[in-house]
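Reader: I would like to go through this model with you, starting with charged side chains. Could you bring it up, please?

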Amino acid sequence: MESLKFDLAATPLREVNQYLHSPASELNGKHVVIHNPNGAHNIAVGLKSDVQVTIDGHAGYYAAGMNQLANVVVTGSAGTGVAENMMSGVVHVKGFASNAAGATAQGGLLIIDGDAGLRCGISLKGADIVVGGSVGSFSAFMAQAGNLVVLGDAGEALGDSLYEARLFVRGEVKSLGADCEEKPMDDEARQILVDLLAKSGHADVSPDSFKLFGSARTLYNFHVDNAGAY
Amino acid sequence: MSDTPKTPQTQPRFSATFDPYTLSEIRRAAATGIYDIRGAGAKRKLPHFDDLLFLGASVSRYPLEGYREKCGTDVVLGTRFAKKPIHLKTPVTIAGMSFGALSGPAKEALGRGASAVGTSTTTGDGGMTPEERGQSSILVYQYLPSRYGMNPDDLRKADAIEVVIGQGAKPGGGGMLLGQKISDRVAKMRCLPKGVDQRSACRHPDWTGPDDLEIKIAELREITDWEKPIYVKVGATRPYFDVTLAVKAGADVVVLDGMQGGTAATQEVFIEHVGIPTLAAIRPAVQALQDMGMHRKVQLIVSGGIRNGADVAKALALGADAVAIGTAALVALGDNDPRLESEYQALGTTAGAYDDWHEGKDPAGITTQDPELMKRLDPVKAGRRLANYLAVMTMEAQVIARACGKSHLHNLEPEDLVALTVESAAMAKVPLAGTSWIPGQVQY
Ligand SMILES: Cc1cc2nc3c(=O)[nH]c(=O)nc-3n(C[C@H](O)[C@H](O)[C@H](O)COP(=O)(O)O)c2cc1C
């Protein structure tokens with residue numbers, strides 16, 4: 001694979017991102033390594049071709065934001081909103097992720113090896129997120145579609161005001177949010193979990209150790225007797 | 001027959017506090033146990049542009065010849081950072097109104113009307129439709145808290161991006177599209193099951209304060225290679241501080257929406273009691289821009305209750321660069337037309353007062369997703385009506401500007417205005433007519 005290096009200590013971010021927005025014919029199949037990210041914000045945002053990007057170190061806010069097709073690896077930790085609104089492709093954070101990881105993401109796969117902060121998968125719209133560690137409070141708030149897999153624990157108010165997303169948690173759940181309830185693990189859900197564990201490097205983890213949570217659907221249409229839940 | 005004189009009867013007297021509307025609302029609340037949700041903006045009487053008058057030219061200043069001497073109306077938005085600023089022929093733009101709240105043909109008609117006169121339209125909650133992108137030569141893409149239908153391809157297709165923080169009708173509030181308006185198409189665009197109430201969040205999911213907003217704006221610029229102007233839209237509450245923070249966060253354009261501004265669906269109590277009138281918001285916003293040396297560098301778009309060329313001229317004279325219209329554009333398309341009176345009656349209302357835009361039963365086919373009702377709106381004819389109306393507003397503003405001796409609408413200034421009421425004088429910071437008194441300002 002043809003490899004290309006950028007050093008963010010020497011090259012402005014604008015130049016790097018501009019290059020990463022080159023036509024797919026230029027980028028497809030290439031591997032781009034970004035050195036010295038040092039927590040810079042907005043690295044590798046808006047990618048739209050089948051390029052492999054390695055951010056070698058820690059990334060700031062919105063790393064790989066709105067990703068399409070690309071495969072982005074952050075070798076360190078990522079700041080707020082990693083892979084926010086991702087459409088497709090794979091984003092893999094080897095360290096920890098801060099708040100709102102994978103917010104509103106519509107497609108693709110976000111893998112976080114460590115823990116994720118508050119509001120992981122908030123407003124999730126179809127993407128898959130696998131967190132090797134734990135997730136903070138208010139994760140999957142108003143999540144509409146997609147799957148969130150948590151190998152560790154979940155904080156308070158998991159899945160508050162949930163729509164149709166599936167939440168798989170292996171550890172403890174501190175509390176469930178309004179309208180979120182435990183569901184029986186049917187075959188379809190189990191298969192989804194098995195596939196996601198395999199794709200994210202956790203093939204050895206048993207799907208039987210997870211609980212499934214989903215929407216009780218009582219808040220789907222406003223009714224005054226539920227006013228206290230809003 | 002008795003001769004006892006009849007006691008004179010006093011007329012039945014209604015309370016000003018418990019007026020008939022208030023009484024009906026108490027009864028409605030008691031019967032349903034639910035607050036009233038409706039469309040449109042604040043309906044109570046508020047200090048507004050009608051409370052201002054222009055001082056035409058006479059001996060001390062000379063006017064321009066109507067029809068002969070040029071009076072420019074164009075405006076460029078996004079000159080601060082964007083590589084491709086937007087050029088409009090008229091400073092009257094179409095405000096963001098969501099597909100979902102509005103039908104596909106209504107969005108198409110807005111695009112047709114705006115494009116015909118060289119101005120922009122704006123998407124809304126729910127994303128960009130091909131109808132609108134196809135017909136709008138200049139399209140602003142809203143980036144909202146819900147991110148329904150938010151797609152980076154559409155972001156790149158837009159001519160500008162508007163980060164929505166709030167709306168004048170409901171500053172601090174999210175949105176709600178009732179289940180009956182969630183058709184298959186709307187459900188698919190928003191990634192929701194059909195028929196459920198779609199709740200729109202009131203805060204963005206991946207940023208909170210102004211420091212985060214700066215990073216978010218930088219992200220949007222990076223994704224679009226710094227080409228597109230980035231607007232920040234706020235509901236009018238603390239305009240001085242909100243405008244200051246938006247400019248510090250890197251906005252190219254600030255959109256300021258007063259409490260008369262329309263909405264597709266919000267609680268009546270929110271619409272009528274939260275936020276400040278458009279008239280009260282403009283001067284503090286302009287002051288903020290001036291204090292930063294940014295007036296005319298970061299453009300200000302004002303909305304909320306703009307109805308005619310006089311309103312446009314007054315907003316511009318107070319320091320705005322352009323205005324946006326929502327409700328008035330819908331009326332130009334055919335909303336609330338007395339021609340449909342019998343149908344409004346059947347819905348328990350009357351033409352001119354119909355505001356149940358969230359219910360999807362609009363007889364004019366505008367605020368609906370019902371395929372039969374939608375067909376009633378001919379997007380070509382409705383677009384033509386909107387184009388006519390926009391042209392009239394522009395000409396009216398020119399009439400006023402020429403009378404004040406201005407060769408461009410942007411040359412109008414607060415010194416051209418006086419106020420009819422003490423309130424409007426204080427809010428607009430122009431003297432009460434016939435006096436030199438501006439309440440709240442120290443006279444030296
Ligand atoms: C039917 C309708 C739908 C609207 N949808 C949105 C929206 O999706 N996003 C938004 O920022 N504002 C929305 N607005 C508010 C308008 O953008 C604008 O602020 C307001 O209409 C301006 O005031 P006016 O109606 O008095 O002209 C909507 C308004 C109406 C009437």
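Reader: Is B:Arg28 buried, exposed or partly exposed?

Author: In this predicted model, B:Arg28 counts as partly exposed, with a relative accessibility of 25%.

Reader: Which residue does B:Arg28 form a salt bridge with?

Author: The partner is B:Glu25, and the closest N and O atoms are 2.9 Å apart. B:Glu25 also counts as partly exposed, at 22% relative accessibility.

Reader: Where do B:Arg28 and B:Glu25 lie?

Author: Both are in helix H1 (residues 20–32) of chain B. They are three residues apart, which is about one turn of the helix.

Reader: What about B:Lys216; which side chain does it meet in a salt bridge?

Author: B:Lys216 meets B:Asp206, at 2.9 Å from N to O. This pair links distant parts of the chain, 10 residues apart: B:Lys216 belongs to helix H6 (residues 210–223) of chain B, while B:Asp206 sits in the loop between strand E10 (198–200) and H6.

Reader: And are B:Lys216 and B:Asp206 buried or exposed?

Author: B:Lys216 and B:Asp206 are both buried.

Reader: Which residue pairs with B:Arg221?

Author: B:Asp252 does, through a salt bridge of 2.9 Å, N to O. B:Arg221 is in helix H6 of chain B, and B:Asp252 is in the loop between helix H7 (239–248) and strand E12 (253–257), 31 residues apart. B:Asp252 and B:Arg221 are both buried.

Reader: Which residues do salt bridges with shared partners join into one network?

Author: The network consists of B:Arg38, B:Lys43, B:Arg44, B:Glu268, B:Glu272 and B:Asp355. Over all chains, the structure holds 39 salt bridges.

Reader: How far apart are the mean positions of the positive and negative charges of chain B?

Author: They are 2 Å apart, taken over 50 positive and 51 negative charges.

Reader: Changing topic: how does the radius of gyration of chain B compare with that of a compact globule?

Author: Chain B has 23 Å, which agrees with the value near 22 Å for a compact globule of 444 residues. Of those 444 residues, 57% count as buried. The chain contains 15 helices and 16 strands.

Reader: Now the backbone of chain A. Which sign does phi have at A:Asn42?

Author: Phi of A:Asn42 is positive, near 65°, in a residue other than glycine. Most residues other than glycine have a negative phi. A:Asn42 occurs in the loop between strand E2 (31–35) and strand E3 (52–56) of chain A, and A:Asn42 is buried at 3% relative accessible area.

Definitions and conventions
Residues are numbered from 1 along each chain as its sequence is written. Chains are lettered from A and ligands numbered from 1 in the order in which they are written. This is a predicted model: local features need pLDDT of at least 70, side-chain atom pairs count only at pLDDT 80 or more; totals for chains, interfaces and linings use all residues. Side-chain values use heavy atoms; hydrogens and water are left out. Helices (H or I, at least four residues) and strands (E, at least two) are DSSP runs, numbered from the N terminus. Buried means under 20% relative accessible area, exposed over 50%, partly exposed in between (1.4 Å probe, protein chains only). The radius of gyration is taken over C-alpha atoms; the globule rule is 2.2 Å times the number of residues to the power 0.38. Lys and Arg count as positive and Asp and Glu as negative; His and the chain ends are not counted. The place of a charge is taken as NZ of Lys, CZ of Arg, CG of Asp or CD of Glu. A salt bridge is a side-chain nitrogen of Lys or Arg within 4 Å of a carboxyl oxygen of Asp or Glu.
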